[in-house]
There are 2 protein chains.
Amino acid sequence: MKALKGNIIFTSSPEKFEVFENSYLVESKGKVYGIFKKLPQHLKNIKIHNFGKSLIIPGFVDLHFHAPQFQNIGIGYDEELLEWLNKYTFPEEAKYDNEEYAKRLYKKVAKEIWRNGTTRVSLLSTIHRNATEILMDIFHKAGIGAYVGKVNMDRNSPDYYIESTEESLSVTKDWILKTKDKYPLVKPIITPRFVPACSEKLMRGLADLAEKYDIKIQSHLSENQEEVEWVKSLHPEYETYAHVYDAMGLLNEDTVMAHAVYSNEKEIELLAERKSFVAHCPNANYNLASGIMPLRRFIDAGVKIGLGTDVGAGHQVGIYKVMSQAIQASKIKWLESGKKEEYLTTSEAFYLGTKGGGRFFGKVGSFEKGYSFDALVIDDKNLGDRDIRSIEERLQRFIYCGDDRNIIKRYVEGKVLCEPI
Amino acid sequence: MKALKGNIIFTSSPEKFEVFENSYLVESKGKVYGIFKKLPQHLKNIKIHNFGKSLIIPGFVDLHFHAPQFQNIGIGYDEELLEWLNKYTFPEEAKYDNEEYAKRLYKKVAKEIWRNGTTRVSLLSTIHRNATEILMDIFHKAGIGAYVGKVNMDRNSPDYYIESTEESLSVTKDWILKTKDKYPLVKPIITPRFVPACSEKLMRGLADLAEKYDIKIQSHLSENQEEVEWVKSLHPEYETYAHVYDAMGLLNEDTVMAHAVYSNEKEIELLAERKSFVAHCPNANYNLASGIMPLRRFIDAGVKIGLGTDVGAGHQVGIYKVMSQAIQASKIKWLESGKKEEYLTTSEAFYLGTKGGGRFFGKVGSFEKGYSFDALVIDDKNLGDRDIRSIEERLQRFIYCGDDRNIIKRYVEGKVLCEPI
């Protein structure tokens, strides 16, 4: 057991911050044991790490990150989604059949995610099994919790970057069997790229694997207008894009869908009914000129939401930066809706990027008793005077103005994460 | 004379980048002398600073920065403009009657602006003359080019933060006389806060001072819907908000107006006719839920545009970050307008944050012959592989993903800027 001492702040619900000034966050067996203003008698002898005036917050949770697009971030944003995929994304992803390239770049990805305080992440790899296993291994060594998905695509894809249906399913099955119990914090996740790139047979086969081996699922949904029309033309028999995934057996409470910018009421309703997660990726939605997700309508409908960086369409690796982007986007939606769809408060945005997405990983993203001890220590002394500000204000200021230099310590399941090498 | 060697890139017009790989940028008497692939015979003996693979770009130009709001950045964005002014801004600005406070905080401002590679900035101070002079002195010592404005406000302002009309005018006059020829690169600028806070008499008096002493003018325009309605109710006889400034004599080619989110066609037309500048502040416009400026319509009308951070309503000090925000905002406008108002390209955004705003300072923001030698050296080796990318792509990646750590050298008028102390 040990305790971190400092100014503890987190969200157990979206409405407000829980603040414990100058208190002890106690860990036992990798979980949160409790928060104490004064340590009780039976904890008097545990090791204490005193972080003084620093903030102690839950680690960040990223629900959507394309690891092989790391080399592309900040580039090519003059294109929309479908052109961007063909011009930038697929050619880069195809390089990952080279294991040396994968090793070199994926190490950089782990380092950058570590630097920015993300302690749990849902990653998309490429169609290559070996590179995917390399990525899993690197995240295991880094100590970061991760779902890692080998991408599946068997139609409407470039000749140089496509699989046959049978090959895609059999390789995925072998990879799942090999990796599902291999690491404590890194797990495989079924990853059909998106409806246009996956045949019905492939999607149904992947759903069978997910059910048989109890594997989570991630994909993309209603990101861009053209893409939505494309899906409609491929599958006119289904009511919405999400109804296609649903019919294939891919939409359940273990599913996370990224984007959902163009979801109508029926799609939102289905996502709520299936208890699926949505990864809100405001930054990427700006960069590819996709649009702004009507976030408030999802929240009101009870859909489970977390945040995603969507690297490489998103250019920011820090989920704290995506929080401010999500707030900004929600303010535009508020204006667009005639001030009906309320914009996000800071505590709501923080919740989305910690416990909101954390639910996809279990009891993650909060400091309630029994939650995984995933924590960050934030030294914000360079960001302005501290003594005239409340803990909430200081956290808000870090979210807007801070960067990786302010994150001075990272814990996952109670263990300190060293910089990945 | 001296030369910087590296990969030189800038925009002499918005449409495209000018790129000179592995070339020499030659300085003479603080101005750009020329760019050479090979140094000609008569320049063989000048001092050469070789920056290898690094990028060499013009310094950034920020047309709107509230220096006394630095302590507030990243805080209070749950409010809209008018509440935010009363709750956060005015109480903080009032503190600047304390010269020690002003000195301590304004030094931080200079340091942060230096760190982020802004080499020219139009600053708003407070109503306090002494603090304003302190700010001018600090920027002079830092070597950064700056217009610095003592703020004027004589109505609709809190009791603790207001001036009488006579006092405001006489203090401003004395301050102008004392400072207008004091520094080579730091100059006073007339700064009526905004129409609601300035009586007609004050505005007309300030216009007289501006004309008499040939002083530039800065203020705020059509930032927020409520504010626009307020101005309409105060001055129903004028067609638009800008027509009020115009009638007072405050709108000319030496004027920069920040925001212009809610300008209609008539206001845009007037700004174009008067050859006035507009500071586009997308970040602040998001944070205070003001909205998105219809930038393309201003550009098409021929209005002169630059970028502003609008610290503290904006939370980013780096103009490169405002460039990506401006591109993102323009993409939402593009969607909103049914894809009619074209979004910004990277070269257009870069132009706005260098030469676009630089025109307010003279021949600034470009590497054309005779322009001020204001330059930054960008080392981007941590941002991804360099050899597989073009110089344009590397600059785009720095704009989206870089930070102050990538800026390894800053020059203004040919002189290296050391970190302000």
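In the next few minutes I will go through the overall form of chain A, the sheets in both chains, the nonpolar core, and two buried places in the fold. Please keep in mind throughout that this is a predicted model.

Let me begin with chain A as a whole, in which there are 13 helices and 16 strands. Its radius of gyration is 21 Å, close to the 22 Å that the globule rule gives for 421 residues, and chain A is therefore as compact as a globular protein of that length. Taken along the principal axes, the C-alpha atoms of the chain fill a box of roughly 65 × 50 × 35 Å. Of the 421 residues in chain A, 68% are buried, and the accessible surface of the chain comes to about 14300 Å², with 49% of that belonging to carbon and sulfur atoms. As for the contacts within chain A, if we take those between residues at least 6 apart in sequence, 74% of them join residues at least 24 apart.

Now to the sheet in chain A, which is open, has 7 strands in the order E3-E2-E1-E4-E14-E15-E16, and shows mixed pairing. Strand E3, residues 31–36, and strand E16, residues 415–416, stand at the edges with a single partner strand each, so one side of each is left without a neighbour in the sheet. At the E16 end, strand E15 of chain A, residues 407–412, pairs with E16(A) in the antiparallel sense over 2 bridges, and A:Val412 has A:Lys415 in E16(A) as its bridge partner. Helix H13 of chain A, residues 391–401, lies across strands E1, E2, E4, E14 and E15 of that chain, and runs at about 70° to E4(A).

Chain B has an open sheet of 7 strands, again mixed in its pairing, with the order E3-E2-E1-E4-E14-E15-E16. Its edge strands are E3 and E16 of chain B, each of which pairs on one side only. Here I would look at the E3 end, where strand E2 of chain B, residues 16–28, and E3(B) pair in the antiparallel sense over 5 bridges, with B:Leu25 standing opposite B:Ile35 in E3(B). Helix H12 of chain B, residues 346–358, packs on this sheet and touches strands E1, E2 and E4 of chain B, its direction making about 110° with that of E1(B).

Which residues touch the most other members of the largest nonpolar core? They are A:Phe139 and B:Phe139, in a core of 248 residues. Not counting residues up to four places away in sequence, A:Phe139 touches A:Val109, A:Ala110, A:Ile113, A:Val121, A:Leu123, A:Ile144, A:Ala146 and A:Val186. As background, nonpolar side chains tend to be buried together in soluble globular proteins.

The first buried place is strand E10 of chain A, residues 216–221, where 6 of the 6 residues are buried, so the strand is largely enclosed by the rest of the structure. Both of its faces are covered, with A:Lys216, A:Gln218 and A:His220 on one side and A:Ile217, A:Ser219 and A:Leu221 on the other. Strand E9 of chain A, residues 186–192, pairs with E10(A) in the parallel sense over 2 bridges, and A:Ile189 has A:Lys216 as its bridge partner.

The second is B:Val278, placed in strand E12 of chain B, residues 277–280, and counted as buried at 0% relative accessibility. Leaving aside neighbours within four places in sequence, B:Val278 is in contact with residues including B:Leu63, B:Val256, B:Phe298 and B:Ile305.

Key
Residues are numbered from 1 along each chain as its sequence is written. Chains are lettered from A and ligands numbered from 1 in the order in which they are written. This is a predicted model: local features need pLDDT of at least 70, side-chain atom pairs count only at pLDDT 80 or more; totals for chains, interfaces and linings use all residues. Side-chain values use heavy atoms; hydrogens and water are left out. Two strands pair if DSSP finds at least two bridges between them. Helices (H or I, at least four residues) and strands (E, at least two) are DSSP runs, numbered from the N terminus. Contact means heavy atoms within 4.5 Å. Axes are lines fitted to C-alpha atoms, for helices over the stretch in contact, and angles run from 0 to 180 degrees between N-to-C directions. A nonpolar core is a set of buried Ala, Val, Leu, Ile, Met, Phe, Trp, Tyr and Cys residues joined through side-chain atoms within 4.5 Å. Buried means under 20% relative accessible area, exposed over 50%, partly exposed in between (1.4 Å probe, protein chains only). The radius of gyration is taken over C-alpha atoms; the globule rule is 2.2 Å times the number of residues to the power 0.38. Accessible areas come from the Shrake-Rupley method with a 1.4 Å probe; for residues, only the protein chains shown count as cover.
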